[in-house]
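Student: Could we go through the salt bridges in this model together? I'd like to see how each label is justified.

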Amino acid sequence: MEIFKKQLGQRIAEIRRKNNLTQRQLSKDSGLHSSYISSLEKGERNITFDNIIRIADALHIGLEELFTQPKKKKKKTKYKPKKIKFFRLGGTWDMKVTDQGLQGEGIMDDMALMEIEKNLNYDEENLMNYFNLKLERAKSKKLNLVDHLSWIRNIKNLAYGDFIPLFSGDSSHYRPSLYAPLFSYLLKELNSEPNVPILAGIGTDTTDIFVSMLDVFIFDKKAAPVLVSGANRSINEKNSDAPINFYELVITAQMYLKP
């Protein structure tokens, strides 16, 4: 860890000097304190992923340039919009407050789920079959990714494709009758376009469980990775963590990741 901190600090200092920036200028551009920048370059401080992104943006470089030694006459890396599919899988991060409660876009939300459960006499197998049929028609609900996620910083220069709202309810409702059709649907999407990364937004309380299940059921060395994130606060709330969390998610899709 100590070696990593020193190497990263030296790399930041090297690129900063190459760009004719002082520590004070880098501090101003990144929004980080100058003493923090100084300690970082000396290899004395730990750094969060959020701060790595801030420094990379301030230096106008891609993340990979901070972790690799450049070849001679290497041009600066610039992101190109990458085709992705973004699925809404639950959580309150983009719901709106209505007189009936929180509501989100998609083929099923909390209120719809409650009504369906009642109509099906709370039979989980029937619910699974119903959700499976609903998912088959999900593509008719697809939206423009850039327009719908315009609150993600620099989104139009990072990604393009479809935003497809699937489950719009509280992700704590997930159980086998909902998971099974959903994973089947995602597998079909991966098979249809194996080189297109799938990104997904879900509730933070469910993310760890969901990602663990992804590792088990979606294990394909030829498919693009499935990347999942969430947020504690809605984008409609002050100081929401959704913009930075999903920005990091889209940035991660830009990296070369093994399946």
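Tutor: Happy to! Arg11 is a good place to begin: it is buried, with a relative accessible area of 4%. Keep in mind that this is a predicted model.

Student: Why is Arg11 called buried?

Tutor: Its relative accessible area is 4%, and buried means under 20%, so Arg11 meets the definition.

Student: And what makes Glu14 partly exposed?

Tutor: Glu14 has 34% relative accessibility. Partly exposed covers the range between the 20% and 50% cut-offs, so the label fits Glu14.

Student: How do you know that Arg11 and Glu14 form a salt bridge?

Tutor: The N to O distance between their side chains is 3.3 Å. The cut-off is within 4 Å, so the pair qualifies. Both residues lie in helix H1, three residues apart, about one turn of the helix.

Student: Why is the contact of Glu193 with Lys83 called a salt bridge?

Tutor: Their closest N and O atoms are 2.8 Å apart, and the limit is 4 Å, so the contact counts. This pair links distant parts of the chain, 110 residues apart: Glu193 is in the loop between helix H10 and strand S6, and Lys83 is in strand S1.

Student: What makes Glu193 partly exposed?

Tutor: Its relative accessible area is 26%; that falls between 20% and 50%, so the term applies.

Student: Which residues are joined into one network by salt bridges that share partners?

Tutor: Lys83, Lys85, Glu189 and Glu193 are joined that way. Across the whole structure, the search finds ten salt bridges.

Definitions and conventions
Residues are numbered from 1 along each chain as its sequence is written. This is a predicted model: local features need pLDDT of at least 70, side-chain atom pairs count only at pLDDT 80 or more; totals for chains, interfaces and linings use all residues. Side-chain values use heavy atoms; hydrogens and water are left out. Helices (H or I, at least four residues) and strands (E, at least two) are DSSP runs, numbered from the N terminus. Buried means under 20% relative accessible area, exposed over 50%, partly exposed in between (1.4 Å probe, protein chains only).
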